[in-house]
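Take a look at the model below. This report covers how its parts meet and where its backbone does something unusual.

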Amino acid sequence: MKDETICLHSGFSKDKYNASVMPIYQSTTFRFDSTEEIAAVFDDPTKAHIYSRFTNPTVDCIEKKIAELEGGIASMCTTSGQAANLISVLNLASAGDRILSTSAIYGGTVNLFAITLKKFGITVDFIDVDSDENAIQNAIKPNTKAIFSETLTNPSLQVLDIEKFASIAHKNNIPLIVDNTFPTPILCKPIEYGADIVTHSTTKYMDGHALQVGGVIVDSGKFDFTKGNFAEFVEPDESYHGTIYTKDYPDCPFIIKARCQLMRDFGCYPSGMSGFLLNLGLETLALRMERYSTNGLKLARFFKSNPKIKEINYPGLKDNKYYNLAQKYLPKGCSGVMSITIDGSRDDAIKFMDKLKLASREVHVADIRTCVLHPASATHRQLTDKQLMDCGINPSMVRVSVGLENIDDIIEDFNQALK
Ligand SMILES: *Cc1c(COP(=O)(O)O)cnc(C)c1O
């Protein structure tokens, strides 16, 4: 099936009442007819649902739908994008190991990698996304367990050359993890270009309606863990009655291991109600991504032609540094996120923000409604102007996330605020 159809029909097919809409299984627990049946499910957790700390029938439907959209074999939902990225990395690396990550990624992930993972004994090395193959190869050490990056980075909007990073990762027998939050599988399917694991903050476009925080990890099922240096995948797991993930679950050892070990222990699993709400967003995802992208391009062109805008960063514009990569990896559109730099001071940017009537000021992106954020007053407010410039953020830069309002109304609002 094509994306539009998967969004509507995949995952849930039928329950015992023939409900046409996926039901909410809010139950934490599930009954078994015999003790023996419970024992069998403990031996093979893919047989039935045991406990909603790590599986749930409603969430299971969503996991099947997202895996199918990404072209993966299986997926696991989490209660946030942060949890998805944490688990995807901890499933591969232990104390003493390293991860190689591109540097201009989501600030929350940078903090998780640089500060919190360090406390776990895992070192993350950072590299520029535009590095050449030699530089990337040289940054991989014998104990590097994965490469991590974002398809379209938040907030700097760099486009990842997925094939380049995948080929270097595979030469070194390590998987490539790609956070595909901004494009969603509608605009880009990283697995088609060689990514092994795909993560998302479903809080953004997938949910789309600003209803709930969530995340997901998708397993391509393509990485061969028996070839690399991944003892936990090929040796018996003493914490799970001797399971050997690559032998007992050869199709998707990554997701099964993440669920059996990390979700079991951390318990950051969404409820049935959360799965139901996320599904409402997913049903219209294909349609919405198309419109975010056409609205995004029209708004970017308006900013491009406005003399009060010093800079517009949107990879769908021809003179953008990442235009060619965007044409390759995001041919259907570049989503609705862009950043603009006002020709003026930090105060001028604040004045402009406060004059907006339709677009709302929010610490959020990728919503159904247009919203804006001034990083210098919000996410990066502890930094001086000089420190801001050092990390590539102009004090008069504003991040814009275009929504699904009529584009004429959106442009009119930005125009009057700029005036
Ligand atoms: C928001 C975001 C995250 C974190 O997700 P939460 O759902 O807020 O925990 C991770 N990666 C990217 C690219 C994001 O935009």
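## Bridges between the domains

Three salt bridges are counted between domain 1 and domain 2. This is a predicted model. One salt bridge to look for joins the side chains of Glu163 and Lys328. The N to O distance there is 2.6 Å.

Polar contacts also link the two domains. They number 16 residue pairs, with both residues at pLDDT 80 or more. On the side of domain 1 that touches domain 2, three helices each give two or more residues. They are helix H1 (3–9), helix H7 (162–171) and helix H8 (184–187). Sorted by class, this side of domain 1 has 17 nonpolar, eight polar and seven charged residues.

## The two domains and their interface

Where do the domains begin and end? The domain assignment places domain 1 at 3–281 and domain 2 at 286–418. Their centres, taken over C-alpha atoms, are 29 Å apart. Domain 1 gives 32 residues to the contact, and domain 2 gives 31.

The size of an interface is often given as the accessible area lost when the parts come together. For domain 1 and domain 2, the buried area is about 2700 Å². Carbon and sulfur atoms account for 62% of it.

## A cis peptide bond

Now turn to the backbone. Which kind of peptide bond joins Asn154 and Pro155? The bond is cis, with omega at about 5°. To find Pro155, go to the loop between strand S4 (144–150) and H7.

## Two positive phi angles

Asn173 is not a glycine, yet its phi is positive, at about 55°. Look for Asn173 in the loop that runs between H7 and strand S5 (176–179). Is Asn173 buried, partly exposed or exposed? Its relative accessibility is 32%, so Asn173 counts as partly exposed.

Ser335 is another residue other than glycine with a positive phi, here near 70°. Ser335 sits in the loop between helix H14 (323–329) and strand S9 (337–342). Is Ser335 buried or exposed? Its relative accessible area is 0%. The cut-off for buried is under 20%, so Ser335 is buried.

Methods: Residues are numbered from 1 along each chain as its sequence is written. Side-chain values use heavy atoms; hydrogens and water are left out. Domain bounds come from an automatic or database domain assignment. Contact means heavy atoms within 4.5 Å. Buried area is the accessible area (1.4 Å probe) that two parts lose on being put together, summed over both. A salt bridge is a side-chain nitrogen of Lys or Arg within 4 Å of a carboxyl oxygen of Asp or Glu. A polar contact is a pair of N or O atoms within 3.5 Å; within protein, one must be able to donate a hydrogen and the other to accept it, and residues adjacent in sequence count only if both atoms are side-chain atoms. Helices (H or I, at least four residues) and strands (E, at least two) are DSSP runs, numbered from the N terminus. Ala, Val, Leu, Ile, Met, Phe, Trp, Tyr, Cys and Pro count as nonpolar, Asp, Glu, Lys and Arg as charged, and the others, Gly among them, as polar. Buried means under 20% relative accessible area, exposed over 50%, partly exposed in between (1.4 Å probe, protein chains only).
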